[in-house]
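Some questions and answers on a protein model follow, starting with its ligand and moving on to its domains.

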Amino acid sequence: MTDLNTLDNESLTKLNAELLRKYDSLKAKKLSLDMSRGKPCPEQLDLSMDLLDIASSKELLRANESLDIRNYGGVEGLIEAKKLFGQILHVNPNEIIIGGNSSLSMMHDTISRALLNGVVDSDIPWGKEPKIKFLCPSPGYDRHFAICEMYNIEMITIDMLDDGPDMDKIEELVSKDESIKGIWCVPKYSNPDGITYSDEVVSRLAKMQTKATDFKIFWDDAYTVHHLTEQPPVLKNILKECKEEGHPNRVFMFTSTSKITFPGSGIAAMAASEENINFIKKQLSVQTIGPDKINQLRHVLFLQDLENITLHMKKHAEIIKPKFDMVLNILESELGRYNIASWSKPKGGYFISLNTLDGCATEVVKLASDVGVSLTQAGATYPYGKDPRDRNIRIAPTFPTLAELQTAIEIVCLCVLLASTKKLL
Ligand code: PLP
């Protein structure tokens with residue numbers, strides 16, 4: 001082990017010069033590698049091509065007897081689709097609304113409705129309150145934070161611990177401050193740390209006393225079936241827990257088939273208590289005469305049930321697990337001995353979270369970008385794009401080929417070493 005933190009200045013200077021030479025030679029290669037967003041690779045998309053043919057005939061389009069799915073109507077979605085998502089989220093079909101192609105847009109719309117009209121238990125619309133705040137376990141999903149930023153919802157950073165967000169801090173804050181109206185959670189294989197919330201964290205979120213009577217948990221279960229191991233962790237059912245704790249209306253759950261079938265052409269769903277669902281349905285029926293039921297039927301016929309989805313997701317894992325393994329092996333072999341970085345070893349989801357020495361993440365992302373490797377912007381995983389320790393980098397290994405990934409990660413490691421030696425000098 002060569003702990004860089006204990007290396008003398010002369011050795012560090014020598015190492016830094018060596019690394020710089022290596023780095024400069026990369027510029028001539030004119031690389032263009034993108035590891036910035038968690039997108040499935042083409043081979044993953046190929047797994048769902050049969051979806052496109054499955055509902056092409058008139059017979060299939062008429063498969064749903066109660067409703068001609070080619071026509072308007074069915075604002076909350078096909079019952080078959082609600083049953084399918086009921087299995088995925090472990091809730092009753094009556095507790096589901098099927099949306100359009102994106103769970104993010106359902107989350108966005110849920111917040112904007114709350115701002116304009118309040119939620120089921122609000123006295124006044126959130127937007128009429130003098131100030132509202134959201135708790136943001138971080139590192140977290142940048143697009144959640146972007147919604148808050150756009151709507152001027154103040155974000156409070158909450159540390160992520162090994163089993164989920166810091167519950168002591170959350171309980172303390174929500175018990176005192178009635179302007180805290182919500183919390184963002186990615187409870188399974190969190191983006192980017194890959195953490196699954198422990199039973200205790202789920203129970204405490206359901207149970208805690210909140211000063212705001214209309215406090216809501218935004219439970220973004222985007223990666224609920226996206227396992228990379230044979231023995232996936234089990235996430236406690238938050239809706240059930242909230243009901244048992246006497247707070248049935250506290251949680252809005254979201255998920256989608258974006259990374260099961262086709263991102264952008266999948267289907268999304270939200271789940272909540274029937275009271276919440278009925279409240280939202282009324283507003284939705286003003287917004288639309290009905291969602292794309294043909295796509296819902298295609299998904300129902302293709303995905304069938306949870307058992308079949310599990311088999312389908314194993315095929316995804318066969319494609320992407322070698323990529324995760326490669327990244328982890330390279331991180332270990334290139335950085336493991338220097339004591340300058342740590343990283344997550346996820347059991348599912350789409351990301352590896354890399355922490356550099358404090359103050360180095362921005363520099364690493366810039367160095368990598370200057371030689372053609374784009375990473376998610378440093379800071380993006382924190383509210384307002386500001387990582388207080390400037391150390392977190394989100395690595396998205398799924399899209400590049402294995403060969404591209406190898407080159408990209410070796411370069412990232414070189415950039416981490418370069419930035420670290422510079423900082424320590
Ligand atoms: N939620 C999380 C945590 C994500 O990481 C992503 C995509 O990366 C999404 C939601 C987007 O989901 P959708 O495609 O359903 O809008």
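Q: Which residues are around the ligand?
A: This is a predicted model. A residue is counted here if one of its heavy atoms lies within 4 Å of the ligand. The residues that qualify are Ser102, Ser103, Leu104, Tyr141, Val186, Asn191, Asp220, Ala222, Tyr223, Ser256, Ser258 and Lys259.

Q: Which residue places a polar side-chain atom 2.5 Å from a nitrogen atom of the ligand?
A: Tyr223 has a side-chain N or O atom 2.5 Å from the ligand, but the ligand atom there is an oxygen. Ser258 likewise faces an oxygen atom of the ligand, with a polar side-chain atom at 2.6 Å. The residue whose polar side-chain atom lies 2.5 Å from a ligand nitrogen is Asp220.

Q: Where is the proline that follows Asn191 through a cis peptide bond?
A: The bond from Asn191 to Pro192 is cis, with omega near 10°. Asn191 is also one of the residues around the ligand. Pro192 sits in the loop between strand E6 (180-185) and helix H9 (199-207).

Q: What is omega for the cis peptide bond that joins Ser138 and Pro139?
A: Pro139 belongs to the loop between strand E3 (133-138) and helix H7 (142-150). The bond joining Ser138 to Pro139 is cis, and its omega is about 5°.

Q: How is the protein divided into domains, and how many Å apart are their C-alpha centres?
A: Domain 1 covers 4-45 + 310-424, and domain 2 covers 66-304. The contact between them takes 28 residues from domain 1 and 33 residues from domain 2. Their C-alpha centres are separated by 30 Å.

Q: Which three residues supply 23% of the area that domain 1 buries against domain 2?
A: The two domains bury about 2600 Å² between them, and 63% of this is on carbon and sulfur atoms. On the domain 1 side, no other three residues supply more than Met313, Lys347 and Tyr384.

Q: What is the phi of Tyr384?
A: Tyr384 lies in the loop between strand E12 (373-375) and E13. Its phi is positive although the residue is not glycine, with a value near 60°.

Q: How many salt bridges does the rule find across the interface of domain 1 and domain 2?
A: Ten residue pairs are in polar contact across this interface. For salt bridges, the rule finds three.

Q: Which element gives the most residues to the side of domain 1 that touches domain 2?
A: Helix H13 (306-335), strand E11 (352-355) and strand E13 (392-395) each supply at least two residues of that side. The element that gives the most, with eight residues, is H13.

Conventions: Residues numbered from 1 in each chain as written. Predicted model: local features only at pLDDT ≥ 70, side-chain atom pairs only at ≥ 80, totals over all residues. Heavy atoms only, no water. Domains from an automatic or database assignment. Contact = heavy atoms within 4.5 Å. Buried area = accessible area lost by both parts, 1.4 Å probe. Salt bridge = Lys/Arg side-chain N within 4 Å of Asp/Glu carboxyl O. Polar contact = N/O pair within 3.5 Å; in protein donor to acceptor, adjacent residues only side chain to side chain. Helix = DSSP H or I, 4+ residues; strand = E, 2+ residues; numbered from the N terminus.
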